[in-house]
Amino acid sequence: MHKRIIPLIIAGLLFGNVSLASAADAAKPAKKAAAKAATPEESQEAVQLKLNSYAQRHVRTMTECLKPGENSKAVEQEGSEFVARYRTVDPSSVSTDVHPGSAGAKFIGLLVYHEVEYENRAPSREVALNGPFVAIKTRKVTEILRYDRGKWQ
């Protein structure tokens, strides 16, 4: 029996009548649609908790990557004194808010925080780097995020 089926499949593949992948490919969209339909709608409160968790990770990453940062201060000489500077995100300033989205995204999130610049002026480079540092500038940053496929982006 297998001797008859194999030549038929080969002939079908050669002449375009049969496709081995067509059945598998046809099942993929159906599976995706079924999975999407089976996924329960998330409440705004659950999405807010995910945004808060995302915000903590995002702010921690940004603080580590800011240049000049707390661990990589920049020093410049201005006249007879040295000025050491660095920037960081004030963790107490972080706030989040979730709003209903539109067709493109089910939810829209706002992430608001303050980026603070510190400096210290001293007669030598070493003293300038050791502090004490004073906040000289604060910049309010608002990031707009979208919630797509169960994740904040």
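These questions and answers cover strand pairing, salt bridges and exposure in a predicted model. Local features need pLDDT of at least 70 and side-chain atom pairs count only at pLDDT 80 or more, while totals for chains, interfaces and linings use all residues. Residues are numbered from 1 along each chain as its sequence is written, and side-chain values use heavy atoms, with hydrogens and water left out.

User: How many bridges join strand β1 to strand β2?

Analyst: Strands are DSSP runs of E, at least two residues long, numbered from the N terminus. Two strands pair if DSSP finds at least two bridges between them. Strand β1 covers residues 74-78 and β2 covers residues 81-100, and they run antiparallel. The number of bridges joining them is five.

User: Which residue takes a positive phi in the hairpin of β1 and β2?

Analyst: E78 stands opposite E81 in β2. The hairpin has two residues between the strands. The one with a positive phi, near 70°, is G79.

User: Which residue meets E78 in a salt bridge, and is that partner buried or exposed?

Analyst: A salt bridge puts a side-chain nitrogen of Lys or Arg within 4 Å of a carboxyl oxygen of Asp or Glu. The partner of E78 is R85, at 3.3 Å from N to O. Buried means under 20% relative accessible area, exposed over 50%, and partly exposed in between, with a 1.4 Å probe and protein chains only. R85 has 18% relative accessibility, so R85 counts as buried.

User: Which residues are linked with E78 and R85 in a network of salt bridges?

Analyst: A search of the whole structure finds twelve salt bridges. One network includes E78 and R85. The other residues linked in it are E76, E81, E117, E119, R121 and K137.

User: How far apart are the closest N and O atoms of E42 and K50?

Analyst: E42 is partly exposed, with a relative accessible area of 30%. K50 is partly exposed too, at 34%. The two form a salt bridge, and their closest N and O atoms are separated by 3.0 Å.

User: Is D148, which forms a salt bridge with R146, buried or exposed?

Analyst: The closest N and O atoms of R146 and D148 are 2.9 Å apart. R146 counts as partly exposed, at 35% relative accessibility. D148 has a relative accessible area of 17%, so D148 is buried.

User: What distance separates the C-alpha atoms of R60 and P91?

Analyst: R60 lies in helix α3, residues 44-65; a helix is a DSSP run of H or I with at least four residues. R60 is partly exposed, at 47% relative accessible area. R60 and P91 are 31 residues apart along the chain, and their C-alpha separation is 8.7 Å.
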